[in-house]
Amino acid sequence: MKKEIFGLTPEELQQEFVAAGLKKFRASQVYQWLYKKCVFKFEEMHNLSKADIAVLNEKFTVMPASINILTRWKSSDGLTEKLLLELQDGNSVETVLMHHDYGYSVCVSSQVGCAMACAFCASGLNGCVRNLTSAEIIMQVYLFNAMIAPQQVSRVVVMGSGEPMLNYDEVTGALKFLHREDVAFMSYRNMTVSTCGIIPGIERLAEENIPINLAVSLHAVKDDVRTQLMPVNKGFPFPEVIAAAEKYARASGRQVTYEYILIKDKNDSPEDAQLLSNYLKFKHASVNLIPANPVPEKGFERPTAKRIEGFLRILQKNKINATIRKEMGKDINAACGQLRAKFKDNK
Ligand code: SF4
């Protein structure tokens, strides 16, 4: 069986190459091609000999070259591109590229599916199939790097399908790899991990002592409503999640972002806005309000623009740093898990 080399450190790559009878220096050449030039096929690495290319092809695979892009959607404004990727074992995950005025960001998946079963999310429809490896997470960024070269992705958000804190080692391993100077040299400040509120994961991340941004999917501040929207609330009640996130903010020096989907008549009342303000007052926090996409089967509707504005004003009156999320890629089902679910339905 061929050995996958994507995501190996230079030392690991060198070991593999020497064991395959190749010269040590080939490892640093291939490493450069992979992570600095985004070239994933050995035959396109021009400084390799034909004999060595034959050995490499016989013994090794490079994940981005062997991934099948099942579907590729571009939003009508051209600013968002979403890929549905078929992994080497036949599972599929989504990944999204967004073009902002400051550069490119990628929203990566961390698991195939998700076990958290949030009511508004298509990723949780069939549970979690498996964790992604760190190489599979890095690969999502590098597929886009190859597409936009010579530009490169400058921000990564772990907010696609899956709960990153339940795949902690692979997710943080991928982010540390992307941070390496000889890889993407991406600043930790440009990385965000988004959790539905897995407290042990938040605590572990705080111990890492690296300034990664933390986002918490909050979405409700009444216990029964949050449990209905996010069953994880039963195991990790949201006031305790906020306390853990605040500790993280203090330890990392990074402001925590609370994601809050506004759903008509569910969590969008002035009372909800006031409660949310009370919970976040004096916290190192900001709120990202996300007007819900209508899901008629679930009875989810988007509040009126007036109601959304009113909610925002109450937060601002309470000196909570809050914004309404700019929608990107709405016409390509850019919300979490929607593409994969749609593809499976059509199969
Ligand atoms: S919102 Fe996130 S945590 Fe919840 S089901 Fe979807 S992927 Fe999982």
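Author: Welcome! A salt bridge is a side-chain nitrogen of Lys or Arg within 4 Å of a carboxyl oxygen of Asp or Glu. This is a predicted model, in which local features need pLDDT of at least 70, side-chain atom pairs count only at pLDDT 80 or more, and totals for chains, interfaces and linings use all residues. Residues are numbered from 1 along each chain as its sequence is written, and side-chain values use heavy atoms, with hydrogens and water left out.

Reader: How far apart are the closest N and O atoms of R72 and E81 in their salt bridge?

Author: Let us look at each partner's surroundings before the distance. Buried means under 20% relative accessible area, exposed over 50%, and partly exposed in between (1.4 Å probe, protein chains only). R72 has 49% relative accessibility, so R72 counts as partly exposed, while E81, at 9%, counts as buried. In the salt bridge that joins R72 to E81, the closest N and O atoms are separated by 2.6 Å.

Reader: How many residues apart in sequence are the parts that K3 and E16 tie together?

Author: The side chains of K3 and E16 form a salt bridge at 3.9 Å, N to O. K3 belongs to strand β1 (residues 3–4) and E16 to helix α1 (residues 10–19), so the pair links parts whose separation in sequence is 13 residues. Helices (H or I, at least four residues) and strands (E, at least two) are DSSP runs, numbered from the N terminus. Both partners are partly exposed, K3 with a relative accessible area of 36% and E16 with one of 24%, and the separation asked for is 13 residues.

Reader: And K264 with E301: which loops does that pair tie together?

Author: The closest N and O atoms of this salt bridge are 3.6 Å apart. K264 lies between β12 (256–262) and α10 (270–280) and E301 between β13 (285–291) and α11 (305–317), so the pair ties together parts 37 residues apart in sequence. K264 is partly exposed at 34%, and E301 is partly exposed at 43%. The loops are therefore the one between β12 and α10 and the one between β13 and α11.

Reader: Which residues do salt bridges that share partners join into one network?

Author: A search of the whole structure finds 16 salt bridges. The pair of R72 and E81 is one of the salt bridges described above. Through shared partners, one network is made up of R72, K74 and E81.

Reader: Which residues touch the most other members of the largest nonpolar core?

Author: A nonpolar core is a set of buried Ala, Val, Leu, Ile, Met, Phe, Trp, Tyr and Cys residues joined through side-chain atoms within 4.5 Å. Contact means heavy atoms within 4.5 Å, and I5 has among its contacts L13, F17, V30 and F60, not counting residues up to four places away in sequence. The core has 111 residues, and those touching the most other members are I5, V30, Y142 and V153.

Reader: Which helix gives the most to this core?

Author: The largest nonpolar core has 111 residues. The leading contributor gives nine residues, and that helix is α5.

Reader: What span should helix α6 have?

Author: The expected span of a helix is 1.5 Å times one less than its number of residues. Buried residues of α6 include Y168, V171 and F177, and what covers the buried residues includes α2 (25–35) and α5 (134–148). Helix α6 (residues 168–179) has 12 residues and its end C-alpha atoms are 16 Å apart, which agrees with the expected 16 Å.

Reader: How far from C38 is the nearest cysteine sulfur?

Author: A disulfide is a pair of cysteine sulfur atoms within 2.5 Å, and the whole structure has zero disulfides. C38 is in no disulfide, and the nearest cysteine sulfur, that of C107, lies at a distance of 19 Å.

Reader: Where is H219, and what is its phi?

Author: Most residues other than glycine have a negative phi, and most peptide bonds are trans. H219 has 3% relative accessibility, so H219 counts as buried. H219 sits in the loop between β11 (213–217) and α8 (223–229), and its positive phi is near 70°.

Reader: Which residues does a cis peptide bond join?

Author: Omega of this bond is about 10°. One partner, P150, is found in the loop between α5 and β9. The cis bond joins A149 and P150.
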